[in-house]
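Colleague: I am new to this structure and should be grateful for a close look at a single part of it. Please choose one aromatic pair and show how its surroundings are built.

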Amino acid sequence: MSESCIEGEHLEWDTMLADGKMQIRDAAEKPRGTHVGRTHWVYKMRPGDGVQPACGRSRIVYDPVACGKSSSEIYGELPVFCPSLHWHSTCALFACKVQHNMCCIGFDVKQAYLNASLPEGKGYWAQLPKDRQVGNEGKLLYFSCGIYGAGPSGRAWHEDHVDTCAEIKCLPLASEPTICCRCDERGTLCIGTNVDDGIVLASS
């Protein structure tokens, strides 16, 4: 494992604990009958591009059922938990950009799922990753935010994104809820999301 992966692992762990989005609690606090999932780390290397050096990314994910898959397989499946732009919608956005000479900007919301808080009592209980269990015997993790791998997390992130867009009067299309649009005297604004990546089109 690369040194940057290890650094990323410690950074994510410390940040989530400091923010209160992840808590280490006594197992006795878990309500009776509540499911306890597993957590583990997945790693992904991002190759260098000649400007930025290669670096490793680390992410703690929730696995509600022990599926026995490799880290690379699990990481590859993560996007299915969040609404994504359909191919034809992506093509339509780029067609609008070309036809109307609109400004186009791409964006990436880092740790998108962690931005969406879950309602009280809707959080997730899980075992600690193996490398964090020593010294934490009798403890469980409690997540009060969305986390990759948990089914409702994608919906929570999407709802949070839509609520944020609504603050600037940018509302989701009935035919494509992953695209929010606003048309007024200032021009046209479209924001399309694809998991934690997105496209912004603006006419002015």
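Modeller: In this predicted model, Tyr62 has a relative accessible area of 6%, so it counts as buried, the limit being under 20%. Tyr124 is buried as well, its relative accessibility being 12%. The two rings form an aromatic pair with 5.1 Å from centre to centre and 50° between the planes, an arrangement classed as tilted. Tyr62 belongs to strand S3 and Tyr124 to strand S5, so the pair ties together parts that are 62 residues apart in sequence. The count of aromatic pairs comes to 3.

Both strands of this pair belong to one sheet. Its 5 strands are arranged in the order S1-S6-S5-S2-S3, and the sheet is open, with mixed pairing. S1 and S3 are the edge strands, each of them pairing on one side only. From one strand to the next, the twist averages 40°.

Next to S5 in that order stands S6. S5 and S6 run antiparallel and are joined by 3 bridges. Within this pairing, Trp125 has Tyr142 of S6 as its bridge partner. S6 is also joined to strand S1, residues 22-26, through 5 bridges, again in the antiparallel sense. Here Met22 stands opposite Phe143 of S6. Of the 5 residues of S6, 4 are buried, so the strand is largely enclosed by the rest of the structure.

Phe143 leads from the sheet to the nonpolar core. The largest such core has 24 residues, and the members that touch the most others are Ile60 and Phe143. At least two residues each come from helix H1 (3-19), strand S2 (36-46), strand S3 (55-63), strand S5 (124-126), strand S6 (139-143) and helix H4 (151-166). S3 gives the most, with 3 residues. As a general background, nonpolar side chains in soluble globular proteins tend to be buried together.

The surroundings of Ile60 can be followed residue by residue. Setting aside neighbours within four places in sequence, Ile60 is in contact with Glu12, Trp13 and Met16, among others. Its list of contacts also includes Met22, Thr39, His40 and Trp41. Further partners of Ile60 are Pro129, Leu141, Phe143 and Ile147. Met22, one of these partners, is the residue that stands opposite Phe143 in S6. Helix H1 lies across S1, S2, S3 and S6, and runs at about 50° to S3.

A second sheet completes the setting. It is an open sheet of 5 strands, in the order S4-S10-S9-S8-S7, with antiparallel pairing. Its edge strands, S4 and strand S7 (171-172), each pair on one side only. Helix H3, residues 87-100, packs on this sheet and touches S4, strand S8 (179-184), S9 and S10. The direction of H3 makes about 30° with that of S10.

S10, residues 197-202, is mostly covered, as 5 of its 6 residues are buried. Strand S4, residues 103-108, pairs with S10 in the antiparallel sense over 6 bridges. Phe107 has Gly198 as its bridge partner in S10. Strand S9, residues 187-194, also pairs with S10 over 6 bridges, in the antiparallel sense. In that pairing, Asn194 stands opposite Asp197 of S10. The hairpin of S9 and S10 has 2 residues between the strands, and Val195 takes a positive phi near 60° there.

The whole chain may now be set around these parts. Its secondary structure consists of 4 helices and 10 strands. From the N terminus, the elements follow the order α-β-β-β-α-α-β-β-β-α-β-β-β-β. The chain has 204 residues, of which 38% count as buried. Among contacts between residues at least 6 apart in sequence, 64% join residues at least 24 apart. The accessible surface of the chain is about 11700 Å², and carbon and sulfur atoms account for 56% of it.

To return to the request, the tilted pair of Tyr62 and Tyr124 links S3 with S5. These two strands each supply at least two residues of the largest nonpolar core, in which Ile60 and Phe143 touch the most other members.

Key: Residues numbered from 1 in each chain as written. Predicted model: local features only at pLDDT ≥ 70, side-chain atom pairs only at ≥ 80, totals over all residues. Heavy atoms only, no water. Buried < 20%, exposed > 50% of the residue type's maximum accessible area, 1.4 Å probe, protein only. Contact = heavy atoms within 4.5 Å. Areas by Shrake-Rupley, 256 points an atom, 1.4 Å probe, with all protein chains shown as cover. Pairing = 2+ DSSP bridges. Core = buried A, V, L, I, M, F, W, Y, C linked by side-chain atoms within 4.5 Å. Axes fitted to C-alpha atoms, helices over the stretch in contact; angles between N-to-C directions. Phe/Tyr/Trp six-rings, centres within 6.5 Å; stacked < 30°, edge-to-face > 60°.
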